[in-house]
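Open the structure in your viewer and keep the sequence panel beside it. The stops below say what to select and what is found there.

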Amino acid sequence: MTKKRLVLWDIDHTLVDFSELGAAWYGTAFAAATGATLRVHPVFGGRTELATTTDLLTANGFEATEETIEALFKALVSESERHRHTFAETARALPGAAEALTAFAAGGDVVQTLVTGNLPEISRHKLAPFGLDEHLDLEIGGYGTLSVHRPDLVPHAVGLAAAKHGTEFAPDAVVVIGDTPNDVRAAVAHGAVSVAVTTGHYSAEELRAEGADIVLPGLTDTDAVRRAVFG
């Protein structure tokens with residue numbers, strides 16, 4: 001009998017390309033949350049939103065209190081809401097993303113969700129215009145509100161998936177698919193399989209150096225993606 005797999009997808013530069021569109025929201029969101037002008041801009045690179053927001057506030061002279069962080073989260077979601085009607089034109093699904101998600105959904109032996117640095121609401125906004133949310137169980141994902149440490153998101157999602165589906169997922173049955181060294185590190189930290197794609201800002205050599213088990217040029221070869229997940 002085929003062992004059930006849990007596939008944890010990253011979003012940006014793995015499934016979709018927003019060409020750093022989200023960075024433009026921070027100026028407006030920062031002003032709404034703090035009343036000040038954003039001077040030092042955020043650093044992403046596969047980090048969680050909690051880490052990005054904490055560092056952003058500190059770098060701009062604000063104490064990263066829970067209240068201020070929540071205010072900035074709320075303002076970012078508002079910006080995403082305000083612009084989401086443009087996403088189908090200003091962003092794109094990466095080639096092969098829809099096909100890979102559909103292929104794994106068809107067999108019934110894969111549970112698919114997210115491990116992403118994004119906020120839960122923004123995750124939905126980014127995926128929905130391209131129908132990429134259809135085969136993902138977004139209720140059991142690990143999101144950027146959880147921790148400043150990306151690896152913490154993996155066991156959170158695994159625990160939720162195990163509880164919902166009534167089955168334990170051994171580490172080698174958990175596959176993390178992403179494009180950054182932080183995605184790879186999150187998988188390696190928990191003994192999960194790391195499948196890295198070079199559709200972001202990192203080379204195959206950089207991703208392998210972090211411990212990626214498999215590096216693909218993208219998701220266009222659905223059979224190659226399936227082999228990476230099932231071994």
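Begin with helix α8, residues 181-188. Six of its eight residues are buried, so the helix is largely enclosed by the rest of the structure. The model is a predicted one. To see the enclosed positions, select P181, N182, D183, V184, A186 and A187, which are the buried residues of α8. Now add the elements around them: these buried residues pack against helix α7 (153-165), strand β5 (174-178), strand β6 (193-197) and helix α9 (204-209).

**From α8 to β6 and A212**

Next select S194, which is in strand β6. Is S194 buried or exposed? Its relative accessibility is 1%, so S194 counts as buried. Setting aside residues up to four places away in sequence, S194 touches V176, V184, A187, A212, D213 and I214. Two of these residues, V184 and A187, are among the buried residues of α8.

Move on to A212, in the loop between α9 and β7 (214-216). Although A212 sits in a loop, its relative accessible area is 13% and it is therefore buried. Display its contacts beyond four places in sequence: V184, S194, A196 and L207. V184 of α8 thus appears again, having also been listed for S194. For a distance check, draw a line from the C-alpha of A212 to that of G178; the two residues are 34 apart in sequence and 9.9 Å apart in space.

A209, in helix α9, offers a contrast. It has a relative accessible area of 67% and is exposed. Draw another line, from the C-alpha of A209 to the C-alpha of L101: the separation is 27 Å, with the two positions 108 residues apart along the chain.

**R47 and its partners**

Select R47 in the loop between α1 (25-34) and α2 (49-59). At 26% relative accessibility, R47 counts as partly exposed. Which residues does R47 touch, beyond those up to four places away in sequence? They are T52, D55, G117, R150 and N182. N182 leads back to α8, where it is one of the buried residues. The C-alpha of V148 is 7.6 Å from that of R47, though 101 residues separate them along the chain.

**Two loop residues: N60 and H13**

N60 is in the loop between α2 and α3. Its relative accessible area is 14%, so N60 is buried. Show F30, T37, L38, R39 and V40, which are its contacts once neighbours within four places in sequence are left aside. Of these, L38 is 22 residues from N60 in sequence, and their C-alpha atoms are 6.9 Å apart.

Then go to H13, in the loop between β1 (5-9) and β2 (16-17). H13 counts as buried, at 13% relative accessibility. Check its backbone as well. Most residues other than glycine have a negative phi. H13 is not a glycine, yet its phi is positive, at about 70°.

**The nonpolar cores**

Switch to side chains. The largest nonpolar core has 46 residues; W9, L15, L76, L114 and L127 have the most contacts inside it. Helix α3 (residues 66-83) supplies the largest share of this core, six residues. Select L76 and show its contacts outside four places in sequence: W25, Y26, A29, E49, L119 and I122. A second core, separate from the largest one, has 17 residues, including I140, A157, F169 and A192.

**Zoom out**

Finish with the whole chain, which has 10 helices and seven strands. Its radius of gyration is 17 Å, close to the 17 Å that the globule rule gives for 231 residues, so the chain is as compact as a globular protein of that length. The C-alpha trace spans about 60 × 35 × 35 Å along its principal axes. Buried residues account for 48% of the 231 residues. Of the contacts between residues at least 6 apart in sequence, 64% join residues at least 24 apart.

Last, turn on the surface and colour the charges. The chain exposes about 10,200 Å², and carbon and sulfur atoms supply 52% of that area. There are 17 positive and 31 negative side chains, and the centres of the two sets are 2 Å apart.

Conventions
Residues are numbered from 1 along each chain as its sequence is written. This is a predicted model: local features need pLDDT of at least 70, side-chain atom pairs count only at pLDDT 80 or more; totals for chains, interfaces and linings use all residues. Side-chain values use heavy atoms; hydrogens and water are left out. Buried means under 20% relative accessible area, exposed over 50%, partly exposed in between (1.4 Å probe, protein chains only). Helices (H or I, at least four residues) and strands (E, at least two) are DSSP runs, numbered from the N terminus. Contact means heavy atoms within 4.5 Å. The radius of gyration is taken over C-alpha atoms; the globule rule is 2.2 Å times the number of residues to the power 0.38. Accessible areas come from the Shrake-Rupley method with a 1.4 Å probe; for residues, only the protein chains shown count as cover. Lys and Arg count as positive and Asp and Glu as negative; His and the chain ends are not counted. The place of a charge is taken as NZ of Lys, CZ of Arg, CG of Asp or CD of Glu. A nonpolar core is a set of buried Ala, Val, Leu, Ile, Met, Phe, Trp, Tyr and Cys residues joined through side-chain atoms within 4.5 Å.
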